[in-house]
Amino acid sequence: MNRIIKSTVVALLLLISYGCNTTKDTTNKNEQAIIMATPFDAKIDSLMDLMTLKEKIGQTVMYSGDLTVTGPVVSNNNQKYVKEGVVGAMLNVFSAKATKDLQKIAVEETRLGIPLLFGYDVIHGYKTIFPINLGLAASWDLEDIKKGSRIAAEEASAVGIHWTFAPMVDISRDPRWGRISESAGEDVYLASQIGKAYVEGFQGEDLSKHNTILACAKHFVGYGAAQAGRDYHTVNMGEDELRNVYLPPFKATVEAGVETFMTAFNELNGIPATGNKYIFRDILKDEWNFKGFVVTDYFATNEMVVHGYAKDRKEAAKLAIEAGVDQDMMSNANHLYLEELVNEGEVDVKLIDDACRRVLLTKYKLGLFEDPYKYSDEQREKEVIYKPEFLEAARQSAAMSSVLLKNNVSSLPLNKTQTIALIGPLAKDKKNIIGNWAAEGDRNGKAISIHQGIQEYLSDSKIIYAKGCDIEGADDIGFGAAIDAAKKADKIVMVLGESYEMSGEAASRTNIKLPGRQTDLIKAIRKEVPNKKIILVLMNGRPLDLSEEDILVDTILETWFPGTSGGYGVADVLFGAYNPSGKLPVTFPRNVGQIPLYYNMKRAGRPMNPDNPKERYTSNYLDSPNSPLYAFGHGLSYTDYKYSDIKLSANTIGFSDTLTASVTVTNTGEYDGHEVVQLYIHDKVGSLTRPVKELKGFQKIFLKKGESKTVKFDVTIEDLKYYNASSNFDVEPGEFEIAIKGSSDFNFENTFRLE
Ligand code: BGC
């Protein structure tokens, strides 16, 4: 097209697409009011009227800028495709300059000038890295999680990112699966609340602001249930588990207004998620009325061929669009085949129109037609990245995420007068401490090690450091120096765990003990230095089998991978500046053979007899207790909390009533602190059997030492509903057990009836 015609077309489009959606310079108030009332639909209609089929298909295509690679690279022609106007979105392009340069091509060199969407995995921070998501979940602090994702959006948006591929709301009940680290853990209610908090944080209240980004609920659905905890593996589950366990957190994100969804790599009941019409069209789009768009996971359309579901890539493209999947991340399938499929009458063009419309809608909502460059702001990039208050917020999150698993004879907190031996491969680490999926987080200079954190509290003369051993490997050459350090100190702090690469995508383990010689190192020190307190500080991306460590050490502080300011946050806990309040969002088993083990299992017809756990022909193991090492919801404090005086507003409620349950919590110890008060119920008889316990609410409260508070929960009929045998989300009358406790490890004592 010659230049003059081209500029005329672009000018026309600017008028149609850009000009009409703002309070732009107009003096005519009436005209402005009409403009403001114009729905995006009208603008999208006008734009789509001008688009060729190829251009519409372009909106359903995403390629990678390849600055980060998490899967096969299918094309190096990205810039060429952007110029041709056949790409709607890019991933793995970041920095204000890189995004602006590409956006310029899309806006100024294509026929219609439609801006690109830039997506990236901003999972627990962009530059300022917060604790890994499993750690964040351990804070049970929705405001803090929201704040962290707001900060992540602030940083990411400044470098031109419009869209994060988060939150991952896959229920994760298998510690072998590496991506459990990215999840909110095992519980439906907790994961749903946390999923909402992320969405609200990333998207803010107004998507058109320059510092808010699209969120993406992933991976729909069942990814966490991969057989044997092996990534990408098969998933088979019935409606009960799908509807009552795996779907609710996704539904919660839809209710919170999430703009996009991502498919999962797994197949679900024989159909790969990316071609699964039941979950995308029937449930997500029809039943839940989701108006945003669905992107595939990386290369997932192509993988339907490998799964043995599509005979070739062309058929895979057809299956995906028919299933309700709107955008193809990296498979090159939509780009290559959709036009042909439409022309052959194999794919209804309405499906392409719908997908294109959904993608364009997000671009309008973001305000990209108004100012396509507003996110790529080099000045803002300089100002917001690693802002001091962001680093401070990350420090607080690290402290709040830490879970005190055991603390014999109050070995913690440390005091400033004692000398400590600081031992372990992770004590001075800055590379692993920010965890996996750490976006552009700095794995050296910026991260604060545990050692640096401790230096804030202790002078160097009181810290005797020895590495002891590596995270992995058989070498015990450093054991001697570590034992010497331990002998010279008052207390021994060991910082052990996994490397960051041992969790995350494609990082499943069959052995969930501490890797390498680390447990041997504890044993060697315990043997040579029997009378000194050993405080084990852990960094890991999954529940570990700590059955040996639990016997060997006095104290265990689980810090997950605590992030950029992790060293400071963890030291705040070690020295009592922050009294630990984290609670496990996931069960820690005693051994890998118990997996899957989670608190709200169903009851067998021959349940284990608690008075005789080894009784034959009951549901038990010959060689292990059924119980976990540390239960869901467990987490100690430096103080003690007493729960008393549980009260119910009624013994029987009707279908339109609300039950109020209350409890008095008293801080009976020596420190002020936060406590996460948890509400559990048990629906005793259902048309489908119900879990033995279900979390239905929680409140994080602050109590000064000696203080008491009454904590109240309202239990509504909605809280008692589930997908029942008639496939209805409904409540069934009968008896319910109820309890308000500080962990899931308790027996019910109270009941009420619904009649
Ligand atoms: C992961 C997704 C991620 C995508 C893009 C995939 O390998 O499964 O969670 O968002 O890559 O990086």
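Start with the loop between strand 2, residues 89–91, and helix 6, residues 96–109, because that is where N92 sits. This is a predicted model, so everything I say about that loop, and about the rest, is computed from predicted coordinates. N92 has phi near 60°, a positive value, and it is not a glycine. The residue is buried, with a relative accessible area of 1%. S95 is in the loop between strand 2 and helix 6 as well. S95 is not a glycine either, and its phi is positive, about 95°. Buried or partly exposed, S95? Partly exposed: the relative accessible area of S95 is 23%, and the cut-off for buried is under 20%.

Next, the cis peptides around strand 5. One cis bond joins K218 and H219, with omega about -5°. H219 belongs to strand 5, which covers residues 216–220. Another cis bond joins F220 and V221, and there omega is about 0°. V221 is found in the loop that runs between strand 5 and helix 10.

That loop leads to helix 10, residues 239–246. Its buried residues are L242, R243, N244, V245 and Y246. What covers them? The cover includes helix 9, at 188–203, helix 11, at 248–255, and helix 12, at 277–287. It also includes two strands, namely strand 7 at 267–268 and strand 23 at 722–723.

Helix 12 comes up again with helix 14, residues 313–323, since it is among the elements that cover the buried residues of helix 14. The others I can name there are helix 13, at 300–307, helix 15, at 333–343, and helix 16, at 349–366. The buried residues of helix 14 are K314, A316, A317, L319, A320, I321 and A323. Just after the helix comes G324, with a positive phi of about 105°.

Now to three loop residues further along the chain. S411 is in the loop between strand 11, residues 403–407, and strand 12, residues 420–423. S411 is buried, at a relative accessible area of 1%. Where does a polar atom of its side chain find a partner? It lies 2.6 Å from the backbone oxygen of N408. Setting aside neighbours within four places in sequence, S411 is in contact with K491, K533, I535, D554 and T555.

The other two, N432 and L426, are in the loop between strand 12 and helix 19; N432 is placed there, and L426 is too. Helix 19 itself is residues 450–455. N432 is buried, with a relative accessible area of 6%. Its side chain makes a polar contact of 2.7 Å with the side chain of D429. The side chain of N432 also reaches the backbone nitrogen of Y500, at 2.8 Å. Not counting residues up to four places away in sequence, N432 touches L426, R443, I471, S499, Y500 and F561.

So much for N432; L426 is on that list of contacts. L426 is buried, with a relative accessible area of 0%. Leaving out neighbours within four places in sequence, L426 is in contact with N432, I450, I471, V495, L496, G497, E498 and M539. I471 thus appears in the contacts of N432 and in those of L426. How far apart are L426 and M494 in sequence and in space? They are 68 residues apart in sequence, and 8.6 Å apart in space from C-alpha to C-alpha.

To finish, the whole protein. It has 24 helices and 26 strands. The radius of gyration is 27 Å, close to the 27 Å that the globule rule gives for 755 residues, so the protein is as compact as a globular protein of that length. The C-alpha atoms fill a box of roughly 85 × 65 × 55 Å along the principal axes. Of the 755 residues, 60% are buried. Taking contacts with a separation of 6 or more, 78% are between residues 24 or more positions apart.

On the surface, about 28200 Å² is exposed, and 48% of that is supplied by carbon and sulfur atoms. As for charge, there are 86 positive and 102 negative charges, and their mean positions are 3 Å apart.

Definitions and conventions:
Residues numbered from 1 in each chain as written. Predicted model: local features only at pLDDT ≥ 70, side-chain atom pairs only at ≥ 80, totals over all residues. Heavy atoms only, no water. Buried < 20%, exposed > 50% of the residue type's maximum accessible area, 1.4 Å probe, protein only. Helix = DSSP H or I, 4+ residues; strand = E, 2+ residues; numbered from the N terminus. Contact = heavy atoms within 4.5 Å. Rg over C-alpha atoms; globule rule 2.2 N^0.38 Å. Areas by Shrake-Rupley, 256 points an atom, 1.4 Å probe, with all protein chains shown as cover. Lys, Arg positive; Asp, Glu negative; His and termini not counted. Charge placed at Lys NZ, Arg CZ, Asp CG, Glu CD. Polar contact = N/O pair within 3.5 Å; in protein donor to acceptor, adjacent residues only side chain to side chain.
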